[in-house]
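Here are a few short exercises on charged side chains. Have a go at each one before you read its solution.

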Amino acid sequence: MAAAVPTAKSSSVTSRHTVFSKSQRCFIYYPVLSILAEDLHTSITRINFTVTAYLAVSGVAPSIAGDAADMFGRRPVYMVTLSLYFCANVGIALQNSLVALLLLRMLQSAGISGTFSVAYGVIADIATPAERGAFVGALSFGITTAPSFGPLLGGVLAYRANWRWIFWLLSIMSTIVLVLIVLTLPESARSVVGNGSIVPPKWSRPLIPNVMRPWKKESPEPSTIIHKKRGCPNPLKALAVLSRLDTAVSITAGSILYMIFCASHASLSTTLIDIYNLNELEAGLICLPYGTSCLVSTLMSGKLIDRDYQIMAKKHDLPIDKVAGDDLSRFPIEEARMRSIFVPTFLAMLSMIGYGWAVHYHIHLSIPMVLQFLTGLGIQTCFNYNNTLLIDINHEAPATAQASFNLVRCIMAALATGVIQYMIDGIDFGWSFTIFGASAAISALLYFVELKRGRKWRFGKQIGDSQQVAPPQREPPLTSETVSTEEKVTTVV
């Protein structure tokens, strides 16, 4: 059957952002480190090296996966990375040597960390700027709650069964996700299917017939394809993203907050356990306040982000198009995303400082836990705003931009976790977290700079008349005078 050809009528209509319908869009390892060392007849120091190797790979792998996803599509990259993750988990569950554990942990990291940047790319594919807040909030919840609930789950499995069952469980869960992706996930990359109306290659289609196949109901819109030169995935492209000042400022601000989170989380599994004399179960439970705050932030921040977008559109008399998506060259997107970020930033700063001194003076455990909740609420809300803006200003390569963010924040997180215990030993708990908490002020300053200068940096020059924030020009209504003028022109011609 011949491919459908757009009619003259359809070609005159603005292309939709996506043809996917709303219904189609709609640290577990840490508790067993000592057990692993004993079972593999090695030292804790050597086992800790497997954690370091995991983190190192997780900083680089998304750069490769993100670039591949922007070129070849989201679906094949998902299938490759999750297959690697499944194989690594099965291998870890079966291995009996430190060398095998180290290599398989690196493979495990390469598989799972590569999926994060791809997920943000999917959001850019299917969600218009006016509705991205809710999507980013839901995705961020899944990514950031794992460090809170993972240790508790890992501890329970290690206590009730043995450490190998942690990786058997991860194998089972990754298999379920992989099967669901193969059966139902459509390709959404705009370099492959445009807004979803272009027929994808056979290997990029869901295996279940008539499921998630929007191109069958739509005329193809070739103008929506973002053409990309294909080649070998280049992790250096993630570094190239940082050459843009608007992106670099946003990434640096978010990475500082992530550093604060990692320093706080590291203290939970070391100092807090000793100071408050916690048992294994209690040590897992103290991670829950942050996970709970992520859930609250997910429910709250998505709506706030989308509300801010609507407020800015109304302020500048700009229309909101949830079908075709808005032209962000005329929209003050930096102002929309940054206008409400300062409250959660300072909330994170003050609660982090308070947490440090509450633990320093051994105040009742409930107070540090409340302050952990408030810190998580502030940081997670900032992440959601930050990630949404990063997608907006890098809409042609969102997965690569997220990989760049991942690289920077992993470096800063490694720095924080590497020095936190030395700081606590040298200047005490209170002053250590006063320094980390106060560094959130740097993020606030960078967000302010992004708010004021980001749009000019985005265009690489002073904003000209063609890029001023203004509603699109509309044709004047026909009057008897204009009709008469048109008749005269016609007569002359």
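A salt bridge here is a side-chain nitrogen of Lys or Arg within 4 Å of a carboxyl oxygen of Asp or Glu. Keep in mind that this is a predicted model. A search of the whole structure turns up nine salt bridges.

**Exercise 1.** Work out whether D246 and R244 qualify as a salt bridge, and find how buried or exposed each one is.

Solution. Start with the distance: the closest N and O atoms of D246 and R244 are 2.8 Å apart. The cut-off is 4 Å, so the pair is a salt bridge. Next, accessibility: buried means under 20%. D246 sits at 0%, so D246 is buried. R244, at 28%, is partly exposed.

**Exercise 2.** Find the helices that the salt bridge between K315 and E335 connects.

Solution. First check the contact: N and O come to 3.1 Å at their closest in K315 and E335. Then place the residues: K315 belongs to helix α15 (residues 288-315) and E335 to helix α16 (residues 333-338). The two are 20 residues apart, and the pair links distant parts of the chain. Finally, K315 is exposed at 56% relative accessibility, while E335 is partly exposed at 24%.

**Exercise 3.** Do the same for D39 and R164.

Solution. Their side chains meet in a salt bridge, 3.5 Å from N to O. D39 lies in helix α3 (residues 33-39) and R164 in helix α9 (residues 164-184), 125 residues apart. D39 is partly exposed at 36%; R164 counts as buried at 18%.

**Exercise 4.** Which residues are linked with R74 in a network of salt bridges?

Solution. R74 is joined with D70 and D125 in that network.

Methods:
Residues numbered from 1 in each chain as written. Predicted model: local features only at pLDDT ≥ 70, side-chain atom pairs only at ≥ 80, totals over all residues. Heavy atoms only, no water. Helix = DSSP H or I, 4+ residues; strand = E, 2+ residues; numbered from the N terminus. Buried < 20%, exposed > 50% of the residue type's maximum accessible area, 1.4 Å probe, protein only.
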